[in-house]
Amino acid sequence: MIRIDRLEVRRNGRIICRVPRLDVEPGERLGIVGANGSGKSTLLIILAGLEQATRGRCEVSAPVEQRVYVHQQPYLFRGTVLSNATYGLRSRAMPRGQANQTAMRWLTRLGIREQAHRRVDNLSGGERRRVALARALAIRPMILLLDEPLADLDEQGSETVSSILNALDDVTVLIASPTDLPHGLTTRTYTITQAISAED
Amino acid sequence: MELVWSGFVEALRIVASLEPSVMDAAWRSLWVSSLAVAAATVVGLPVGTVLARRHFHGHGLAVAVARAGMAVPTVFLGIVGYAMFSRRGPLGALDLLYTPWPIVAGEVLLAVPIIVSISHGSVQALDPRVAQTARTLGAGLLRRWRTYISEARVGIMIAVLTAFARCVTELGIAVMVGGNIKGQTRTLATAIALETGKGEFERGLAMGLILLTISLGVTLVITLMAREVSSHP
């Protein structure tokens with residue numbers, strides 16, 4: 001599903017991400033663990049097709065529209081929880097009624113159904129994260145790239161998200177985290193080391 | 001202070017009596033400027049957004065030209081308009097000089113750089129996650145554009161309001177290509193200049209207050225519209 005070979009990302013002459021070798025199989029749930037600034041987010045952004053690597057090979061056998069990246073601090077668009085949750089579906093030209101139904105199913109699974117018609121401005125950090133997850137999951141992408149998805153969540157929220165991710169058999173999930181992820185959430189862990197800063 | 005007070009009283013009297021010549025000028029100011037700003041928004045908003053999101057050869061120059069365009073004196077646009085619409089000009093055959101239409105055209109030229117520059121700045125200043133989130137969720141070009149507009153709504157609203165304020169109060173274009181003809185091309189701004197020139201300060205001030213009321217009313221309407229539209233990205 002994903003094949004990386006000597007990938008390197010530089011910004012302003014500085015290496016901000018380096019992955020010598022990484023293969024990910026379809027349906028795998030891979031944890032990417034590393035210290036702050038090690039390039040975890042950059043790797044996910046590259047895999048999402050939102051930016052390009054400077055060097056190396058990065059092959060992803062899924063079209064860009066089938067890869068969804070959820071930020072460490074997710075951005076919610078102005079509007080309601082439901083309008084955000086349906087954003088990806090509406091972008092795929094799904095009729096409004098069907099998009100609302102699908103989004104509501106995910107909001108229910110993530111425990112925020114009651115908030116569906118609330119404006120996003122007043123949500124807590126944990127609620128915002130759940131909305132962003134519902135918005136990403138509603139699309140049913142082939143590859144889900146999650147940047148610290150359990151941050152801001154309470155224990156119950158973490159368990160809910162973990163069980164949903166565990167049930168995604170047909171989705172390849174990559175989860176970035178600065179610390180070890182809860183047991184059972186991932187099937188394998190890749191440790192990303194601090195990229196060595198270097199000038200050309 | 002007495003002059004301001006008497007101007008205020010005169011404004012109330014004019015509004016209460018619905019004085020036809022003033023109401024006519026007020027209505028013309030409103031529709032000419034609204035039409036010009038609407039047309040400038042249709043042209044300027046896509047240009048401003050593209051300049052904010054795309055970098056191409058000559059991009060910096062295009063941004064600089066748009067910004068410089070905000071400082072163009074209205075009287076210069078008036079002269080250009082006169083040259084275009086006078087009998088010997090390229091648009092002379094249309095026989096539109098000294099009608100409201102060249103005023104609309106001139107005000108479009110006045111408003112476009114304002115809309116382009118401020119919308120460019122507003123969209124460019126958006127959080128980078130806006131574009132990344134829209135793209136990763138599969139939004140196409142048009143939906144992404146609508147999302148940028150929605151997220152940058154405050155700046156875009158300010159762009160529209162600034163353009164309207166500049167158009168509704170401008171004098172140079174209205175005088176040069178409109179001719180300040182009573183009942184045909186007279187706007188509140190040209191009427192104020194005329195009344196003040198005649199020494200009718202109270203009437204000039206009264207019309208100024210009516211102009212201010214129109215501006216406040218339009219500001220309120222645009223603010224409410226922006227809130228309504230941006231609820232549905």
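A residue counts as buried here if 20 or more other C-beta atoms lie within 10 Å of its own. Keep that cut-off handy for the exercises below, and remember that this is a predicted model.

**Exercise 1. Work out how well covered helix H1 of chain A is, and what comes right after it.**

Step 1. Apply the cut-off along the helix: 8 of the 8 residues of H1(A) are buried, so the helix is mostly covered.

Step 2. Name them. The list runs Lys40(A), Ser41(A), Thr42(A), Leu43(A), Leu44(A), Ile45(A), Ile46(A) and Leu47(A).

Step 3. Look past the end of the helix. Gly49(A) follows H1(A), and its phi is positive, near 80°.

**Exercise 2. Lay out the open sheet of 5 strands in chain A and find its edges.**

Step 1. Write down the order: E5-E6-E7-E3-E8, with parallel pairing.

Step 2. Count partners. Strand E5 (67-70) and strand E8 (188-191) of chain A have a single partner strand each, so each of these edge strands has one side without a neighbour in the sheet.

Step 3. Add the twist, which averages 15° from one strand to the next.

Step 4. Zoom in on one pair. Strand E6 (residues 143-147) and strand E7 (residues 172-177) of chain A run parallel and are joined by 5 bridges. Within E7(A), Leu174(A) is the residue opposite Leu145(A).

Step 5. Put helix H1 back in. H1 (residues 40-47) of chain A lies across strand E3 (29-33), E5, E6 and E7 of chain A, and runs at about 155° to E7(A).

**Exercise 3. Do the same for the open sheet of 3 strands in chain A.**

Step 1. The order is E2-E1-E4, and the pairing is antiparallel.

Step 2. Strand E2 (14-24) and strand E4 (55-60) of chain A are the edge strands, each with a single partner, so one side of each lacks a neighbour in the sheet.

Step 3. From one strand to the next, the twist averages 25°.

Step 4. Check a pair: strand E1 (residues 2-11) of chain A and E2(A) run antiparallel, with 9 bridges joining them. As an example, Leu7(A) has Val19(A) in E2(A) as its bridge partner.

Step 5. Here's H1(A) again: it packs on this sheet, touching E1, E2 and E4 of chain A, and its direction makes about 60° with that of E2(A).

**Exercise 4. Find the residues that touch the most other members of the largest nonpolar core, then follow Leu145(A) outward.**

Step 1. The core holds 59 residues, and those touching the most other members are Leu44(A), Leu47(A), Ala85(A), Ala103(A), Ala134(A), Leu145(A) and Leu174(A).

Step 2. Ask who contributes: helix H5 (residues 125-137) of chain A supplies the largest share, 6 residues.

Step 3. Now list the contacts of Leu145(A), skipping neighbours within four places in sequence. They are Leu44(A), Leu47(A), Ala48(A), Arg67(A), Val68(A), Tyr69(A), Val70(A) and Leu174(A).

Step 4. Don't stop there: a second, separate core has 52 residues, including Leu45(B), Ala52(B), Ile173(B) and Leu205(B).

**Exercise 5. Check the overall build of chain A against the radius expected for a compact globule.**

Step 1. Chain A has 6 helices and 8 strands. Along the sequence they follow the pattern β-β-β-α-β-β-α-α-α-α-β-α-β-β.

Step 2. A compact globule of 200 residues would have a radius of gyration near 16 Å; chain A comes out at 17 Å, so the two agree.

Step 3. For the extents, the C-alpha trace of chain A spans about 50 × 35 × 30 Å along its principal axes.

Step 4. Look at burial and contact range. Of the 200 residues of chain A, 42% count as buried. Taking contacts in chain A with a separation of 6 or more, 71% are between residues 24 or more positions apart.

**Exercise 6. Describe the contact between chains A and B, mainly from the chain B side.**

Step 1. Chain B puts in 19 residues and chain A 17 residues.

Step 2. On the side of chain B that touches chain A, helix H6 (128-136) and helix H7 (141-151) of chain B are the elements giving two or more residues. H6(B) gives the most, with 6 residues.

Step 3. Sort that side of chain B by class: 4 nonpolar, 10 polar and 5 charged residues.

**Exercise 7. Place Phe8(B) and decide: buried, partly exposed or exposed?**

Step 1. Phe8(B) sits in helix H1 (residues 2-17) of chain B.

Step 2. Phe8(B) has 14 C-beta neighbours inside 10 Å, so it counts as partly exposed.

Step 3. Finally, check its distance to Leu209(B), 201 residues apart along the chain: the C-alpha atoms of Phe8(B) and Leu209(B) are separated by 7.2 Å.

Methods. Residues numbered from 1 in each chain as written. Chains lettered and ligands numbered in written order. Predicted model: local features only at pLDDT ≥ 70, side-chain atom pairs only at ≥ 80, totals over all residues. Pairing = 2+ DSSP bridges. Helix = DSSP H or I, 4+ residues; strand = E, 2+ residues; numbered from the N terminus. Axes fitted to C-alpha atoms, helices over the stretch in contact; angles between N-to-C directions. Contact = placed C-beta atoms within 7 Å. Core = buried A, V, L, I, M, F, W, Y, C linked by C-beta atoms within 7 Å. Buried ≥ 20, exposed ≤ 12 C-beta atoms within 10 Å, placed from the backbone. Rg over C-alpha atoms; globule rule 2.2 N^0.38 Å. Nonpolar A, V, L, I, M, F, W, Y, C, P; charged D, E, K, R; others polar.
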